[in-house]
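Reader: I've got this one open on my screen and I'd like a close look at a single part of it. Could you walk me through the loop and what sits around it?

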Amino acid sequence: MKYYKIFQYAYLVLAALFIYDAIDKYTVNGELSYTSVLFAALAVFMFFFRKRFNQKFKDGDNSK
């Protein structure tokens, strides 16, 4: 397995951790943690960005 696939899915794990953190802080304090929500959204964006980038890179290698 390639390392880039492992790191690609690590972004989803980080997103899940940040979402858990945001929910935990909301239930304890009653305040929404915008930082955790922002990092979760960024991690999900990076997952899809890296997935698309890796697919384009793989398709480009096959055409040579």
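Author: Here is a walk from the whole chain down to the loop and its surroundings.

First, the ground rules. This is a predicted model, so local features need pLDDT of at least 70 and side-chain atom pairs count only at pLDDT 80 or more, while totals for chains, interfaces and linings use all residues. Residues are numbered from 1 along each chain as its sequence is written, and side-chain values use heavy atoms, with hydrogens and water left out.

The protein chain has 2 helices and 0 strands (both are DSSP runs numbered from the N terminus: H or I over at least four residues for a helix, E over at least two for a strand). Its radius of gyration is 16 Å, well over the 11 Å that the globule rule gives for 64 residues, so the chain is more spread out than a compact globule (the radius is taken over C-alpha atoms, and the rule is 2.2 Å times the number of residues to the power 0.38). The C-alpha trace spans about 55 × 20 × 10 Å along its principal axes.

Now the loop. Ser-33 lies in it, between α1 (3-29) and α2 (34-62). Ser-33 is buried, at 13% relative accessible area (buried means under 20%, exposed over 50%, partly exposed in between, with a 1.4 Å probe and protein chains only). Of the chain's 64 residues, 14% count as buried.

What does the side chain of Ser-33 make a polar contact with? Its partner is the side chain of Ser-36, at 3.2 Å (a polar contact is a pair of N or O atoms within 3.5 Å; within protein, one must be able to donate a hydrogen and the other to accept it, and residues adjacent in sequence count only if both atoms are side-chain atoms). Setting aside neighbours within four places in sequence, Ser-33 is in contact with Ala-22 and Lys-25 (contact means heavy atoms within 4.5 Å).

Lys-25 leads on to another pairing. Lys-25 forms a salt bridge with Asp-21, with the closest N and O atoms 3.4 Å apart (that takes a side-chain nitrogen of Lys or Arg within 4 Å of a carboxyl oxygen of Asp or Glu). The structure holds 1 salt bridge. Side chains of opposite charge can pair when their charged atoms come close. Here Lys-25 and Asp-21 are 4 residues apart in helix α1, so about one helical turn separates them. Both count as partly exposed: Lys-25 at 36% relative accessibility, Asp-21 at 23%.
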